Amino acid sequence: MKAISELELIGRAREMAKLKRLVESKTPTLIHGAPGCGKTRLLLHLQDQLTANGQDVLYVRFEQSLHTLFLKMAEKLSVKCEKTSSISLRGALWKAFEAKPYVILLHDIREATLPYYRFFQGVLANKGNSIAGATVHEHATGAFRRMFWNQQAAIPLGNLNKRDANALIEAAMSAFLSDVRLPPDFGRRVAQPARGNPGRIVEMCSLAADPGYQAGDHHIRFAALVMDSLTGLLS
C-alpha cells in the first residue's frame, strides 16, 4: 500500500505553478480553503520540489503559543541557544535566518498575534527568506493579515471538478485497495459524500483498506466509512 504522500497531486497543477512562482519571487503567499481541500499536500509537494532543487525549506505547524513555535523552529533548524527565553530564542532564530535563506512553510495559521507578525517581518527583512502560509479562511490569520494583504498572492482552494475527483478516486483505489474485493459501485459511493473534496476521497479510500469496514461479499460498511472519514478530516 502506498503512503498518502505518494499519491499524485491531481487537479492542482495551476495552483502549484502559482505557489512556486510566488515563493520564488519572495512574495508572502497565503493558501486558504476548507478542511480536506489539499492545503497540506500542496505545501508538502512544494517542499519536495524545492528541496530537490537544493533550497532550504522549513515546514512548521502554527502554534497558538509563539514560544512553543520558537522551540519547534529552533529544534528543526538545530539552533543552539543557551537560554530558552522567548527573547533569546527569537534572536537566535533571526541570526539563523540571516545566515542562510529559507522558504518557510507555515501551516494551519489561526489568529496570529502582533508579536507573531513582528517576528516574521524580521525574518523576511533578511534577503532570500520567503514564506507561504495555509489557513482555513483568509480572514482567520489575525495580525498576519498585514503580511498576507496582497490578494494577487492568495491561492484559494475549492473542491475538485468531477473529472479530477474521479481521477483521484481511481488513483486512491489503486494505491490503497488493489488487494481488496470491492463492490462495483464503490467509486460512485465515495464520490457522492466526498463532493469533490480531495481529503475525503483519500480518507475514505485509505480507511476502506481496514478490515473493520469490510463486511464480506464485496460489501463495505459505507455509513461508518462516511462518518469516520469526516471525523478524521476535522480532527
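## Tour: confidence, sheet, pocket

Start by colouring this predicted model by pLDDT. Among the elements, strand β6 (residues 214-216) has the lowest mean pLDDT, 82, and strand β1 (residues 29-32) has the highest, 98. For the protein as a whole the mean is 93. Residues at 70 or more make up 98%.

**The sheet**

Stay with β1 and bring in its sheet. Five strands form an open sheet, ordered β2-β3-β4-β1-β5, and they pair in parallel. Now select the edges: β2 (57-61) and β5 (154-156). Each has a single partner strand, so one side of each is left without a neighbour in the sheet. Look along the strands next. Neighbours are turned by 15° against each other on average, direction ignored.

Zoom in on β1 and β5. Three bridges join this parallel pair. Which residue in β5 stands opposite I31? Select I155 to see the partner.

**The largest pocket**

Move on to the largest pocket. Its volume is about 640 Å³. Select P35, G36, T40, G199 and L233: of the 28 lining residues, these lie nearest the pocket centre.

Then show the elements that give two or more residues to the lining: α2 (39-52), β4 (130-135), α8 (198-207) and α9 (222-234). β4 is a strand you have already met in the sheet order. Which element gives the most to this lining? Pick α8, with four residues.

Finish by colouring the lining by residue class. Expect 13 nonpolar residues, eight polar and seven charged.

Key
Residues numbered from 1 in each chain as written. Predicted model: local features only at pLDDT ≥ 70, side-chain atom pairs only at ≥ 80, totals over all residues. Heavy atoms only, no water. pLDDT = per-residue confidence, 0-100. Pairing = 2+ DSSP bridges. Axes fitted to C-alpha atoms, helices over the stretch in contact; angles between N-to-C directions. 1 Å grid on protein atoms, 1.4 Å probe; cavity = no way out; pocket = protein on both sides within 12 Å on 5 of 7 lines; lining within 4 Å. Points joined across faces, edges and corners; volume = space filled by probe spheres on them. Nonpolar A, V, L, I, M, F, W, Y, C, P; charged D, E, K, R; others polar.
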